[in-house]
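Good morning, colleagues. Please look at the sequence and the structure on the screen while I describe a few of their features.

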Amino acid sequence: MQPAATTPPMPAPLPFEVAPINPQRIFQEVANQLRRLISEGKLRPGDKLPPERELAKRFGVSRNTMREALRALELSGLIELRLGATGGAFVLQGSSNAVVAGMRDLYFLGAITPEHLTEARIAVSAAVIRVACERITDEEIDALEANVAAAERARQAGDFEERTRHHQAFHVMLARTTHNPVLIATTEGIMEITRQFVKAIGPTDEQTYTHPSRKRLLKHLRARDAEKAMAEMGSALTKLHRGYMVKAAAPSSDRKASAPAPPPPPRGPRPARARPRAPGAA
């Protein structure tokens, strides 16, 4: 006669709470371990990770799980996956890709208005200028001057795209003079949103004030006068925003008369005709 089955005793309660592991999210735990190794300096920029097969064996996971973890790290801008015989997973020096992508997604979701963007640009530019005035070199100011001259040549030639490219690059170049990765990444993200707004509204020919403003800004930067430089930048960005308010409020037929405007961004709510879709290219 078989003995009656007994129910196993319930485990004693733990003095702390734990969350069950989701098998479908194991790759995130693997990615987090690799993140910690990078943050602790055990994996340094330029280092090549072991092959995918070996990493999977060491972590005790499948190669598919390991591949997902590496892709997550690549999207975060922590590693680069290279193809070919000399390829593999390499730790990056540092990238703002994740910040830029996140801000771009906010734009496409319609969560950022022109007012939000202009307010952020003025605030971040003020922080950048304050730090830049303490660290910028004469050589870096020379490079900014060359950018301003190139933008003016493009304006005189009627090349909107080239002028816009130089105008937007100016802000990133200025942020890089701070040597602060947070300010650099934030500025790059803001300029990516600006690019999307400018694509939506198309070219404008009224920016005759940008070049003189940049010349004054460079003068203040050479003098390391942060207060005057911040005031100049804030004034220019506010004027730019107002100009694009007028541009965006114009009927679409009027905009097409000057140049064909790119289509509006995907998703996101349609703005009212009195609201702009771009606060400026500069």
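I begin with helix 1, which covers residues 26-39 and therefore 14 residues by its definition as a run of helical positions. From its first C-alpha to its last, helix 1 reaches 20 Å, close to the 20 Å expected at 1.5 Å a residue. I should say at once that this is a predicted model.

Which residues of helix 1 are buried? They are F27, V30, A31, L34 and I38. Seen down the axis of helix 1, these buried residues fall within an arc of 95°, so they line one face of the helix. The cover over them includes two helices, helix 2 (52-59) and helix 3 (63-75), together with strand 1 (79-82) and strand 2 (88-91). After helix 1 comes G41, and the phi of G41 is positive, near 80°.

Let me turn to two of the covering elements, helix 2 and helix 3. How do helix 2 and helix 3 pack, and at what angle? The angle is about 105°, and the axes of helix 2 and helix 3 lie 9 Å apart. Angles of 65 to 115 degrees count as roughly perpendicular, and helix 2 and helix 3 are therefore roughly perpendicular to each other. On the side of helix 2, the residues in this contact are E52, R53, L55, A56 and F59. They meet R63, M66, R67 and L70 of helix 3. Sorted by class, the contact of helix 2 with helix 3 has 5 nonpolar and 4 charged residues, and no polar ones.

My next item is a single histidine, H220, placed in helix 9 (residues 210-222). Is H220 buried or exposed? Its relative accessibility is 16%, and buried means under 20%, so H220 counts as buried. Leaving aside residues up to four places away in sequence, H220 touches D225, K228, A229 and E232.

Finally, I place these details in the whole protein. There are 11 helices and 2 strands. Read from the N terminus, the elements run α-α-α-β-β-α-α-α-α-α-α-α-α. The protein has 282 residues, of which 39% count as buried. As for contacts with a separation of 6 or more, 75% of them are between residues 24 or more positions apart.

To close, I return to helix 1, where F27, V30, A31, L34 and I38 are the buried residues, and to H220 in helix 9. Thank you for your attention.

Technical notes. Residues are numbered from 1 along each chain as its sequence is written. This is a predicted model: local features need pLDDT of at least 70, side-chain atom pairs count only at pLDDT 80 or more; totals for chains, interfaces and linings use all residues. Side-chain values use heavy atoms; hydrogens and water are left out. Helices (H or I, at least four residues) and strands (E, at least two) are DSSP runs, numbered from the N terminus. The expected span of a helix is 1.5 Å times one less than its number of residues. Buried means under 20% relative accessible area, exposed over 50%, partly exposed in between (1.4 Å probe, protein chains only). The arc is that of the directions from the helix axis to the C-beta atoms. Contact means heavy atoms within 4.5 Å. Axes are lines fitted to C-alpha atoms, for helices over the stretch in contact, and angles run from 0 to 180 degrees between N-to-C directions. Angles under 35 degrees count as roughly parallel, over 145 as roughly antiparallel, 65 to 115 as roughly perpendicular and the rest as oblique. Ala, Val, Leu, Ile, Met, Phe, Trp, Tyr, Cys and Pro count as nonpolar, Asp, Glu, Lys and Arg as charged, and the others, Gly among them, as polar.
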